[in-house]
Amino acid sequence: MSIASTPAWQSLQRHREALSSFRLDAALRDDPARARSWRFEAAGLEADLSRNLASAETWRLLLALADAAELPRWRDRLFAGAPINNTEGRPAWHTALRTAPANGAVARTVEQERLRMLDFAERLRAGQVRGATGKAIETVLCIGIGGSDLGPRLVTAALGETSGPIRLHFVSNIDPVELDLALAQAVPESTLIVAISKSFTTLETLENARAALAWLRQGAPGIDTRRHLAAITSQPERAQAFGVDASLVYTFAEWVGGRYSLWSACGLPIAVGHGAAAFNDLLHGAAALDHHFVEAPPARNLPLLLGLLGVWYVNFWGCRSRAVMPYAQRLRHLPAYLQQLEMESNGKRVDRDGRLLDYDTSPVVWGEAGTTAQHSVFQFLHQGTFFSPVDFVTAACFENSAEQRERLLYANALAQADALALGEAALKPSGSAKATCAVVPGDRPSTFITLPRIDAFSVGALLALYEHRTFVQGVLWQINSFDQWGVEIGKQLLKQRLAD
Ligand code: F6P
């Protein structure tokens, strides 16, 4: 049965109509406990949901919708490694990379490859990995795109200045500018090229790896490139055929989706930049969030509640976009990462059985770091003709930081969240009437997510939170969140065009 024809969905439609006169300022004023009781905690993260266009009745109805969609059964299938990626006939078992699965053999394979990758990362950091001329590797070029780039790039930047001697460069675009910039800062004899590609067929990654190899040969004629080329992939034979020495091929299973692969050997850049301990902390944070998702009761289950809110705004408020504003420069890559995670997962028009849908799915996800974004897109957020729910993501440690600018960063995020929710009602009465062009209507929802601090554990928890939020929405929309057939046609047409 289509979810849209369930009684739970229809009850929500009626409830939405009943909420036509709902005002956030009144909801917050009339229920002083709301700000406190709508705070949720998961794996050390905190989320304030009180500025959302919802009442206690909304939650009751949304939780009923989750039951109608059999969310608990699907969640159990996710964690059990059942083939929920039905169009590709395999599990989506990224959780097994951080929460040991019951299947001992899988758990052992995962751990063996993780230890192998972390050992390599620590040897690189210790200057023990040498190139063909005996020089220690000092520069690592991480060449990958999409899920083979966005996660590692986000986490490496989120954990701050890299520690250790290795300079890391991320290269994804086929536009030569990005690789050239990195090569201009590298020396062939002390450079390691790491080609990161699940399929090991992605044109941009293979072309950029070839260009880097050509640079290596030109800069160090006769050099044995096999000492300067590593790969991370689910297709080790293709990597070896490409010229990568088997001892420098790190693998992960086909049942790890590209956009869910940062927890696998694809996390090598994170471990090289910040050490094995940081990478393990990242996994521990995600595992703690996994535990919360499985164990927390629905009414306190944060990824479930955030997923339900996403469906509420898309399907009952007609929202076509969702903004993510990380109020932390170190999380500046979060919007780009979430664009792939959510839009490639849930940007679907047919259900799991291939039937065309008669309701909307993934919104456009966009965003920028705060406070920078305040001076470009917040005009639209406050006074545009349609609203875009906003996630503010920041760190609680900023609130009372010794650093004035960190305190201002946090205070700005709160001020913007209140301004969106309350509009003019947030301001002390001035007694003078404002011109209509200056009036800010308010009633614009946001969710305020705080990490205790921006460290590996909390970042791991945050990304797992968004993964499970994405999963919950996919289950409610009855779609397969783990395939991406829509990306193929562009690649096929390119091949055709190149052939022509
Ligand atoms: O084209 C989209 C995509 O297939 C993503 O799903 C994936 O993360 C990215 O390209 C890179 O793919 P690969 O890791 O196989 O090179």
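Modeller: Ala, Val, Leu, Ile, Met, Phe, Trp, Tyr, Cys and Pro count as nonpolar, Asp, Glu, Lys and Arg as charged, and the others, Gly among them, as polar. The model is predicted: local features need pLDDT of at least 70 and side-chain atom pairs pLDDT 80 or more, while totals for chains, interfaces and linings use all residues. Residues are numbered from 1 along each chain as its sequence is written, and side-chain values use heavy atoms, without hydrogens and water.

Biologist: How do the residues of the shell around the ligand divide?

Modeller: Into two nonpolar, eight polar and three charged. Among the 13 residues around the ligand, S148, S197, S199, T202 and E344 come nearest; a residue counts as near if one of its heavy atoms lies within 4 Å.

Biologist: What makes the pair of K491 and the ligand a polar contact?

Modeller: A polar contact is a pair of N or O atoms within 3.5 Å; within protein, one must be able to donate a hydrogen and the other to accept it, and residues adjacent in sequence count only if both atoms are side-chain atoms. A polar side-chain atom of K491 lies 2.8 Å from a ligand oxygen, so the pair qualifies. For Q340, a side-chain N or O atom is 3.1 Å from an oxygen of the ligand.

Biologist: How do you know that C266 is in no disulfide?

Modeller: A disulfide needs two cysteine sulfur atoms within 2.5 Å. The nearest cysteine sulfur to C266, that of C142, is 11 Å away, so C266 is in none. The whole structure has zero disulfides.

Biologist: Why is C319 called buried?

Modeller: Buried means under 20% relative accessible area, exposed over 50%, partly exposed in between (1.4 Å probe, protein chains only). C319 has 4%, so C319 is buried. C266, at 0%, is also buried.
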